[in-house]
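Open the model in your viewer and keep the selection panel at hand. This tour goes from one selection to the next and says what is there.

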Amino acid sequence: MLETLGNLALGFSVALSPPILLYAFVGCVVGTLVGVLPGVGPLAGISLLLPATFGLDATRAIVMLAGIYYGAMYGGSTTSILMRIPGEAASVMTCIDGYAMARKGRGGAALAIAAVGSYIAGTVSVIGLMFLAPPLAAFALRFGPPEYLALLLLGLLVLAYMSSGSMLKSMAMAAFGLLLGMVGIDQMSGYFRFAYGVVELGDGLGVVPVAVGLFGVAEILATAGQAAPPAVIKPRLRELLPSRLEWRQSSAPIARGTVLGFLVGILPGSAHVISSFVSYAVEKRLSRRPEEFGHGAVAGVAGPESANNSATSGAMVPMLALGVPSGPIPAVMLAAMMVHGVSPGPLLIQQQPALFWGFIASMYVGNVVLLILNLPLVGLFVNILRVPYPFLYPAILVFSILGVYAVNGSVVDVWIMVVMGVLGWLLRKLDFETAPIVLGVVLAPMIELSLRQSLAMSDGHYGIFVQRPIAAVLLAVGLTLVLMNLYTFARRGLDWRARMAMAERGEDSS
Amino acid sequence: MTRHRMLATAAALMLAVPLAAAAQEPYPSRPITMVAPFPPGGVADLTARPVAAALERVLKSPVGVVNKTGAAGAVGMQFVAASKPDGYTLLLALSSISIIPEADKIFGRPPAFTVDQFAPIALISADPTILVVRAESPWRTARDFIEDARKRPGQISYSSSGIYGTLHMAMELLSHAAGIKLRHIPTPGAGPALTAILGGHVDALASGPAVILPHLKSGKLRALAGWGDRRVAALPDVPTFKELGYPDAEFYIWAGLFAPKGTPETVLAQLREATRAAVADADFKAAMDKLETPIAFKQGDEFQKFFEADARRLAAGVRTVGRVEEKK
């Protein structure tokens, strides 16, 4: 403990030195920007800027790249809340209640809550990273394909809490999303599936074009289809800050989102995306007024936005403690270290204490910078809503196309976005929710791969899922949740006489 | 001069001007694009950046790296194969350039590109893969490993960067050479493949040396043998499969520079010369040193021969693996 504090003092002496501070600041600014731009997420931002860091020394480079990563999580909420366009994939859930809040004139409050939630999550999770990295990383390594499959199946249950309308409809949308997730090269056999000779479809439908299409483009089309344009919202200054009630409603979700995001972040995969979905579901399940979700529930913004920030620190755990990537973004950061001759791995802390502790300390500093940067920006961003729709929406469309194109430099991705936009518009007309589709697209490839990897490991025996303790426990939890829901469902479906009889029997026995 | 004549002369002039310009225009007169068909941070990208920077200094013309990713590299490779052969679009490819068309062939689908659509310029690096197991595993040597695999066919598992990927092919070449059968667990990339062995979910992994060096140093993994024709400088105690009597288990993760077929011979010659100068550049050497990737420069006939022999081995490897369903 004392040693850690001493090390942290060393870290702060590095992180607060002017050049490092400057690069952390630049990273945070760039991160906020890539987060704000629709489509361009942290992966694209880091990838585009990686070459620019080759000339820097290792500490500066890594501090800047990390700044982009968590900065993007701050920025991603902006367009989601104001325009229902996910700034990056992890902000899809924020679109729902954040935008509903903005329509009610609480856009400024939603932005402020997202920023403060992100700050708390960012700072607390770095503490977790600092003290718990080695044991947690060892635990994360025990998550092999069977454990991962069990966890993902648990993630699918999230669906039950995602919709505010018809359960059947949201199941249908999730199934559709899972089907869309099947497109691409089969990782186990090398077959092209549903690619129709388009090589670009080999990697499947990207989450970014699908999310921006289903939410952003669909929203623009829906607005354009209205007889009269929606009234321009004129935010007033005193409405910018959250009310006391809103603070109270967001404090517990922020705390839960922080812990949950960190834990999900450690596990491999697109952690920050999944963490926001799970957090939304948890908040809706625990809420005393779940019916508010989808219509501007504060918890629906506070939870997911904290979770996706916390997940960024979680994702650094395996990277720093073991030198293994837990997802595409840490993989790029690992490469950045290698370019500078720093070999990431278990020996990093001993060999490069200044780099390691400087990096940790810079994350504290970076989060403060982002809060200072983002809170005043709330006032500025909210004014975007003053722009009349005929000017605002074409501009957003242009930025969406640019952003989606920039991720892979692929025109095919732009077409996917357009098709998804039209589809999303149609589905909205028919009163279907589109968030389950995004969940399906994210989960399908991971569920399929981990199932088939598990079976390859066990030579086709399904016993592998119950023989391994972590997997067995997770599956048992999932099964219990399903049974509990089925029970309430079955009870609700009963005839009133049968229900009365049950109640009487209950009284008799007591 | 009749009106007709005037038009004809004007047309001829208009045609002649660009032709003459093309003939006289020195190469390079505008920026060159180097396509890395894998995402930033991967081997192809990390090799392409220093090569591009060094080429820029030699050619005195901007050389930009563009990541055109997708479908295990096929998207970027197809893009270069189909681009104008004028020396302004180059490709930094890895060994997979020889694997993808073969895999397309066994699936009976129209190939995204073929190897003969490219003109090789130079080989930049060639790292043999290394066979690693966990430190607590019972196998002390490659012989232990192979003997055990013979006794328990299909029981020892390994992770790879994906089916028909480099790490998969290396293992399959070994299996074929040693007459053993291993269990393949594909993962989405070299990083997840490493995580799988560190977590104890698979028993073995064939990996590039740079990636595993930190884990060998920390004592988590043990190296048994390498696929090169000689030992790796950083691992002098690790024998090669060739030494152990399996000469067919030869495999490299290599990076080479290519141009589309049909690029003028003078331009190719210029690019070869420039690349030779570029790899001798001190900054380039320092960059590759940090990546722990030794430079293995080959050009002209030498590269052509290496490339062809490698492509033959890999094609045979892909055919041995065959299509997954046919194994059942």
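## Where the chains meet

Start with chains A and B together in this predicted model. Their contact takes 44 residues from chain A and 43 residues from chain B. Now select residues 328-339 and 435-457 of chain A. These are helix H13 and helix H18, the elements that give two or more residues to the side of chain A that touches chain B. Which of them gives the most? H13(A) does, with six residues.

## A helix in chain A

Next, select residues 58-83 of chain A, which form helix H4. How far apart should the ends of this helix be? At 1.5 Å a residue, its 26 residues should span 38 Å, counting one step less than the number of residues. The end C-alpha atoms are 38 Å apart, so the model agrees with the expected span.

Centre on A:Ala72. Here H4(A) bends by about 30°. Is the helix mostly covered or mostly open? H4(A) is mostly covered, with 26 of its 26 residues buried. Step just past the end of H4(A) to A:Arg84. This residue takes a positive phi of about 65°.

## Two domains in chain B

Hide chain A and colour chain B by domain. The domain assignment gives domain 1 as 31-126 + 253-321, and domain 2 as 130-250. Place a marker at each centre, taken over C-alpha atoms: 26 Å separate the two. The contact between them takes 17 residues from domain 1 of chain B and 15 residues from domain 2 of chain B.

Select 96-106 and 300-321 of chain B. These are helix H4 and helix H11, and each supplies at least two residues of the side of domain 1 that touches domain 2. The largest share of that side, six residues, comes from H11(B).

## The sheet in chain B

Now show the strands of chain B. Six of them form an open sheet, in the order S2-S1-S3-S10-S4-S11, with mixed pairing. Which strands stand at the edges? They are S2 (63-67) and S11 (295-299) of chain B. Each has a single partner strand, so one side of each is left without a neighbour in the sheet. Look along the sheet: the twist averages 20° from one strand to the next.

Finish on one pair. Select residues 32-36 and 89-94 of chain B, strands S1 and S3. They pair in the parallel sense over three bridges. Zoom in on B:Thr33, which stands opposite B:Thr89 in S3(B).

How values were computed: Residues numbered from 1 in each chain as written. Chains lettered and ligands numbered in written order. Predicted model: local features only at pLDDT ≥ 70, side-chain atom pairs only at ≥ 80, totals over all residues. Helix = DSSP H or I, 4+ residues; strand = E, 2+ residues; numbered from the N terminus. Bend = angle between axes of the 7 residues up to and from the residue. Buried ≥ 20, exposed ≤ 12 C-beta atoms within 10 Å, placed from the backbone. Pairing = 2+ DSSP bridges. Axes fitted to C-alpha atoms, helices over the stretch in contact; angles between N-to-C directions. Domains from an automatic or database assignment. Contact = placed C-beta atoms within 7 Å.
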